[in-house]
Amino acid sequence: LEHSVWVGSGQKQEDGTEEGVALLSRLPLSALLALNLTHPPRPQDLNTRVALRAEVEWGEERVSVVTTHWSYIRLTQCHNALDTRTLLVDPLPPSTHLVLLGDLNLYTDFDASAAVLGAHTSNGGGGGGGSSPDGCG
């Protein structure tokens, strides 16, 4: 696709490859912004994670698209969610539509990281954080 972007994490794997996220589009992309996601102190998941935001021109409309790959470790995922939230809210024009996509590694019994974004992954919460971002504290 002619309008595509890939952002690497900056962390090389043992085989010399680098993980990252991509956004493939048939529509023009602009206002690209990449963000390395942070780790909590003493992280169990040492992979460097990244998020990417782009503006997609769709006729008269502009759509902000954020793609990312969150950690599978719950506490690190909370940090990933807090970092991703900055790309979702700052700075977006009021008329911009917003799409979040990627591999968020969400759990049905732990939706604290999703709650940071104002979403829920289960029907009423559950163990390990429930439906409140307090589980990320």
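1. Length of helix H1. In this predicted model, helix H1 covers residues 74–89. At 1.5 Å a residue, the 16 residues of H1 should span 22 Å, and the C-alpha atoms at the two ends are 23 Å apart, so the expected and the modelled span agree.

2. Surroundings of H1. The buried residues of H1 are Thr76, Gln77, Cys78, Asn80, Ala81, Asp83, Thr84, Leu87 and Leu88. Their cover includes four strands, S3 (29–37), S4 (49–58), S5 (61–69) and S6 (97–103), together with helix H2. H1 lies across S3, S4, S5 and S6, and its direction makes an angle of about 160° with that of S3.

3. Overall layout. The protein chain contains 2 helices and 6 strands. Read from the N terminus, the order of elements is β-β-β-β-β-α-β-α. Of the 137 residues in the chain, 36% are buried. Among contacts with a separation of 6 or more, 52% are between residues 24 or more positions apart.

4. The four-stranded sheet. Strands S3, S4, S5 and S6 form an open sheet in the order S3-S4-S5-S6, and the pairing is mixed. S3 and S6 are the edge strands, each pairing on one side only. From one strand to the next the twist averages 20°. S4 and S5 run antiparallel and are joined by 8 bridges. Alanine 54 has valine 65, in S5, as its bridge partner.

5. The S1–S2 hairpin. Strand S1 (residues 3–12) and strand S2 (residues 18–25) are also antiparallel, with 7 bridges between them. Glycine 8 is bridged to glycine 20 of S2. The hairpin has 5 residues between its strands, and glycine 16 takes a positive phi near 90° there.

6. The largest nonpolar core. This core has 13 residues, and Trp70 and Cys136 touch the most other members. Helices H1 (74–89) and H2 (112–116) are the elements that give two or more residues to the core. H1 supplies the largest share, 4 residues. Setting aside residues up to four places away in sequence, cysteine 136 touches Leu75, Cys78, Ala112, Ser113 and Val116. A second core, separate from this one, has 10 residues, including Val5, Val50, Leu52 and Val65. As a general point, nonpolar side chains tend to be buried together in soluble globular proteins.

7. Proline 40. Which loop holds proline 40? Proline 40 is in the loop between S3 and S4. With a relative accessible area of 5%, proline 40 falls under the 20% limit and therefore counts as buried. Its contacts, leaving aside neighbours within four places in sequence, are Leu75, Thr76 and His79. Proline 40 and leucine 75 are 35 residues apart in sequence, yet their C-alpha atoms are 7.1 Å apart in space.

8. Salt bridges. How many salt bridges does a search of the whole structure find? The search finds 4; three are described here.

   a. Aspartate 109 and arginine 74 meet through their side chains at 3.1 Å, N to O. This pair links distant parts of the chain, since aspartate 109 is in the loop between S6 and H2 while arginine 74 is in helix H1, 35 residues apart. Aspartate 109 is at 36% relative accessibility, so it counts as partly exposed. Arginine 74, at 28%, also counts as partly exposed.

   b. Arginine 49 pairs with aspartate 45, with the closest N and O atoms 2.7 Å apart. Both of these residues, arginine 49 and aspartate 45, are buried.

   c. Glutamate 18 pairs with lysine 12, with the closest N and O atoms 3.6 Å apart. Glutamate 18 has a relative accessible area of 26% and is therefore partly exposed. Lysine 12 has a relative accessible area of 57%, which is over 50%, so lysine 12 is exposed.

Conventions. Residues are numbered from 1 along each chain as its sequence is written. This is a predicted model: local features need pLDDT of at least 70, side-chain atom pairs count only at pLDDT 80 or more; totals for chains, interfaces and linings use all residues. Side-chain values use heavy atoms; hydrogens and water are left out. A nonpolar core is a set of buried Ala, Val, Leu, Ile, Met, Phe, Trp, Tyr and Cys residues joined through side-chain atoms within 4.5 Å. Buried means under 20% relative accessible area, exposed over 50%, partly exposed in between (1.4 Å probe, protein chains only). Contact means heavy atoms within 4.5 Å. The expected span of a helix is 1.5 Å times one less than its number of residues. Two strands pair if DSSP finds at least two bridges between them. Axes are lines fitted to C-alpha atoms, for helices over the stretch in contact, and angles run from 0 to 180 degrees between N-to-C directions.
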